[in-house]
Every structure is written in structure tokens, then in C-alpha cells.
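Follow the strands through this model in order. A helix comes at the end.

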Amino acid sequence: MEAIQDHTIAFTGLKDGEHTFHFVLEQPFFDASGEEEWEGGRVDVEVTLDKSTYLLVCNLHATGPVQLRCDRCNAPLEFPLDGKQRQIFSLTGGEESDDDELVTLSDTAHSINLTHYIYECLRLALPIRHVHAPGQCDPEVEKVLERLIVDHEPTPDPRWEVLKELKNKESK
Ligand SMILES: [Zn+2]
């Protein structure tokens, strides 16, 4: 997902030690994510950035409701998201690299943008399948689903009936 300006942290002016940043993800974020299933929400993201001479260690903690749709009845479903992610940036310079855990920043970098990592944090914290708690699905859909299940109740295999009759005969 494309970087959002608000998620940029200029780190060169920061003293070594821990710093806390706070972001709120609302409709514009969910629209920009390009994820159709994310219909909206309000997620608080707290970022703790620990700066030292050679490293920036970012701990992300995202909490708040995300609006999804139920996989069973397709009615709106609010998922209470709670996700954590850690991202480390190396300030040693040299070759720029981007493996999953450690990102090496160039010598000239003076800021980092966290949109991509925030997006990943949400992505990983949401379950692949999300359904309402039992009994909480749209009652209209529930009725239709129940009828479908009844309609598809397998009729007893006629061969079993024959076997049963044979057995009955034997036991007589
Ligand atoms: Zn449902």
C-alpha cells in the first residue's frame, strides 16, 4: 500500500532512547489500503521507537474495531483487532536491503515511513475467516441456510435398507 504522509517519522532529530508516536486509522486509511474486505474502522496504533546509534527498533501495537463482513451471512461484522509487530531499521548504512525483519536504511535517510508496516500489522492480526458468534448471524440468512441444510439431508442409502432387512431375517 502507498505511503501515507502522516506515518513518516523524522528520526535524525531524535535523541537516543525511547519515543512514542500515535496514529489513528480511519476511513481514508481503509479506503487507501485497497483491501475490499476492510470496510472501515477506527484503529489506534501506538509506535514505540527505540533509537540507538546503529538501530531503530519500532514496536507497533494496533487496537480497535475493524468493519468486515461475515463469511457466513454477509452482514456487517465488527472485529476487535489487536495486533503487534516489530520492525528494525539498521542505520549502519551501506547496501540498502529489505528483508522481513531488518531493513537497512541508506546513509542519507533521515526519516522512515510506517504505512507499509502498519498495513502488515493489521493484515496479520485479522483472521482469514471471520464469522459472527453462534446465533449472531442475520436471522433471515440463518433461516435460508437452515432450510438448505435440511434440503440436503442425505436420504438413507437404499442398500442399507436391504442389509437391515437381511439382518432381521437372519435373527429370526
Ligand atoms: Zn454472520
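Start with one pair of residues: Gly 40 stands opposite Gln 67 in strand 5. The model is predicted, and this pair is a way into its strand pairing. Gly 40 belongs to strand 3, which covers residues 40-41. Strand 5 covers residues 55-69. Strands 3 and 5 run antiparallel and are joined by two bridges.

Strand 5 has another partner in strand 4, residues 43-51. Here, too, the sense is antiparallel, with eight bridges. One contact to find is Asp 50, whose bridge partner in strand 5 is Val 57. Three residues link strand 4 to strand 5 in a hairpin.

Now move on to strand 6, residues 76-90. Strand 5 pairs with strand 6 over 15 bridges, again antiparallel. Leu 68 has Leu 77 of strand 6 as its bridge partner. Six residues lie between the strands in this hairpin. Among them, Asn 74 takes a positive phi near 70°.

When tracing side chains along these strands, keep one rule in mind. In a regular strand, side chains alternate between the two faces of the sheet.

Leave the strands for helix 3, residues 139-151. How far apart are its end C-alpha atoms? They are 18 Å apart. That agrees with expectation, because 13 residues at 1.5 Å a residue should span 18 Å. The expected span is 1.5 Å times one less than the number of residues.

Is helix 3 buried or in the open? A residue counts as buried if 20 or more other C-beta atoms lie within 10 Å of its own. Of the 13 residues in helix 3, the number buried is zero, so the helix lies largely in the open.

Terms used:
Residues are numbered from 1 along each chain as its sequence is written. This is a predicted model: local features need pLDDT of at least 70, side-chain atom pairs count only at pLDDT 80 or more; totals for chains, interfaces and linings use all residues. Helices (H or I, at least four residues) and strands (E, at least two) are DSSP runs, numbered from the N terminus. A residue is buried if 20 or more other C-beta atoms lie within 10 Å of its own, exposed if 12 or fewer, and partly exposed in between; C-beta atoms are placed from the backbone. Two strands pair if DSSP finds at least two bridges between them.
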